[in-house]
Amino acid sequence: MKQTFWLERWQLNQIGFHNADVNPHLKKNWSLLKLQKNNQVFVPFCGKTKDLLWLREQGHKIIAVELSPIAVEAFFVENQLPFNKTQVDEFELFETDGIQIYCGDFFKLSAELLKGVHAVYDRASLVALPDDMRLQYTKKMQNLLPTHTKILLVSFFYHQHEMDGPPFSIDQQEVIKLFGGWCNIIQLYSEDISGKEPHFKARGLSVIYEEIYFITVEN
């Protein structure tokens, strides 16, 4: 999937994927990661999510990456946050107290930029990528993340032929395929949410399972 797809979605304000509220699974499951308050958390493909603010409220330092400058600037403006902007490598870095957002291509991040990260919150990254890019994404994560990094992953599973992504369908076997060789994986939650999310029914889905995983990098 080309970067222009996401840039155009933000330009046209076609952002139905954006959730205006803090993700309830983040609130419910984050404590399972047993992080210290000052630990750094990486949030890829962050958009303008308020999850960043919630994570900062837990005492964490946030490092995020987002392709669209419209999304990044909206995050700071809508939440009335002052920010500084500087150039770091190929990224524009937006900074406010406790939050750094690198605006640019996730795949150009270096391990040096994520040095000291203890955990990853992936609500919108893996599910945003088509099949041919998901392995590329997890290989990049493997190169970026040190051993013992903890990941909270939100994903969806449905019959892919019933709807074009994003979000794309990712079943448990694919999660194991992508992360199993270098991580420990625990599925925390799986529920058919089609009754709670009628817009998925409107897109032709018979069922859609929201699934939450606790993943720990082992090598």
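His161 sits in the loop that runs between strand 7 (150-157) and helix 6, and this histidine is exposed, with a relative accessible area of 71%. The model you are looking at is a predicted one, so please read everything below in that light. The points that follow take in the loop around His161, some backbone turns, the salt bridges, a buried aspartate, helix 1 and a nonpolar patch.

**The loop between strand 7 and helix 6**

- Starting again from His161, its C-alpha atom is separated by 20 Å from that of Leu135, and the two residues are 26 places apart along the chain.
- Pro166 belongs to the loop between strand 7 and helix 6, and the peptide bond leading into it from Gly165 is cis, with omega near 0°.
- Pro167 is also found in the loop between strand 7 and helix 6, and the bond from Pro166 to Pro167 is cis as well, with omega near -5°.
- As background for these bonds and for the phi values below, most peptide bonds are trans, and most residues other than glycine have a negative phi.

**Positive phi values**

- Phe45 has a phi near 50°, a positive value in a residue that is not glycine.
- You will find Phe45 in the loop between strand 1 and helix 3, where it counts as partly exposed at 22% relative accessibility.
- Gln80, again not a glycine, takes a positive phi of about 55°.
- The loop between helix 4 and strand 3 (84-88) holds Gln80, which is exposed with a relative accessible area of 72%.
- Asn13 comes just after helix 1 and has a positive phi of about 60°.

**Salt bridges**

- The count of salt bridges in the model comes to seven.
- One of them pairs Lys48 with Glu78, with the closest N and O atoms 2.9 Å apart. Lys48 lies in the loop between strand 1 (40-44) and helix 3 (51-57) while Glu78 is in helix 4, so this pair ties together parts that are 30 residues apart in sequence.
- Lys48 is buried, with a relative accessible area of 12%.
- Glu174 and Arg134 also meet through their side chains in a salt bridge, at 2.8 Å from N to O. Here, too, distant parts of the chain are linked: Glu174 is in helix 6 (residues 172-179) and Arg134 in helix 5 (residues 131-144), 40 residues apart.
- Both Glu174 and Arg134 are buried.
- Glu191 and Lys196 form a salt bridge of 2.9 Å, N to O. Of this pair, Glu191 is partly exposed at 26% relative accessibility, while Lys196 is exposed at 55%.
- Through shared partners, salt bridges join Asp131, Arg134 and Glu174 into one network.

**A buried aspartate without a salt bridge**

- Asp122 lies in strand 6 (residues 117-122).
- Although Asp122 is buried, it has no salt bridge, and the nearest side chain of opposite charge, that of Arg123, is 8.0 Å away.
- With neighbours within four places in sequence left aside, Asp122 is in contact with Tyr137, Leu152, Leu153 and Val154.

**Helix 1 and what covers it**

- Trp6, Arg9 and Trp10 are the buried residues of helix 1 (residues 3-11). They span an arc of only 95° around the axis, which puts them on the same side of helix 1.
- This fits a general pattern: an α-helix has 3.6 residues a turn, so residues three or four places apart point the same way.
- Strand 2 (61-66) and helix 4 (69-78) are among the elements that cover the buried residues of helix 1.

**Leu35 and its contacts**

- Leu35 is placed in the loop between helix 2 (24-29) and strand 1.
- Beyond its neighbours within four places in sequence, Leu35 is in contact with Trp30, Val41, His60, His118, Ala119 and Lys150.
- Leu35 and Leu55 are 20 residues apart along the chain, and their C-alpha atoms are separated by 11 Å.

**A nonpolar surface patch**

- Leu32, Ile186 and Leu188 make a nonpolar surface patch of about 220 Å².
- Of these, Leu188 lies in strand 8 (residues 183-192) and is partly exposed, with a relative accessible area of 30%.

Methods: Residues are numbered from 1 along each chain as its sequence is written. This is a predicted model: local features need pLDDT of at least 70, side-chain atom pairs count only at pLDDT 80 or more; totals for chains, interfaces and linings use all residues. Side-chain values use heavy atoms; hydrogens and water are left out. Patches are made of residues with over 30% relative accessible area and no salt bridge: like charges are joined within 9 Å, nonpolar side chains (Val, Leu, Ile, Met, Phe, Trp, Tyr) within 5 Å. Accessible areas come from the Shrake-Rupley method with a 1.4 Å probe; for residues, only the protein chains shown count as cover. A salt bridge is a side-chain nitrogen of Lys or Arg within 4 Å of a carboxyl oxygen of Asp or Glu. Helices (H or I, at least four residues) and strands (E, at least two) are DSSP runs, numbered from the N terminus. Buried means under 20% relative accessible area, exposed over 50%, partly exposed in between (1.4 Å probe, protein chains only). The arc is that of the directions from the helix axis to the C-beta atoms. Contact means heavy atoms within 4.5 Å. Lys and Arg count as positive and Asp and Glu as negative; His and the chain ends are not counted.
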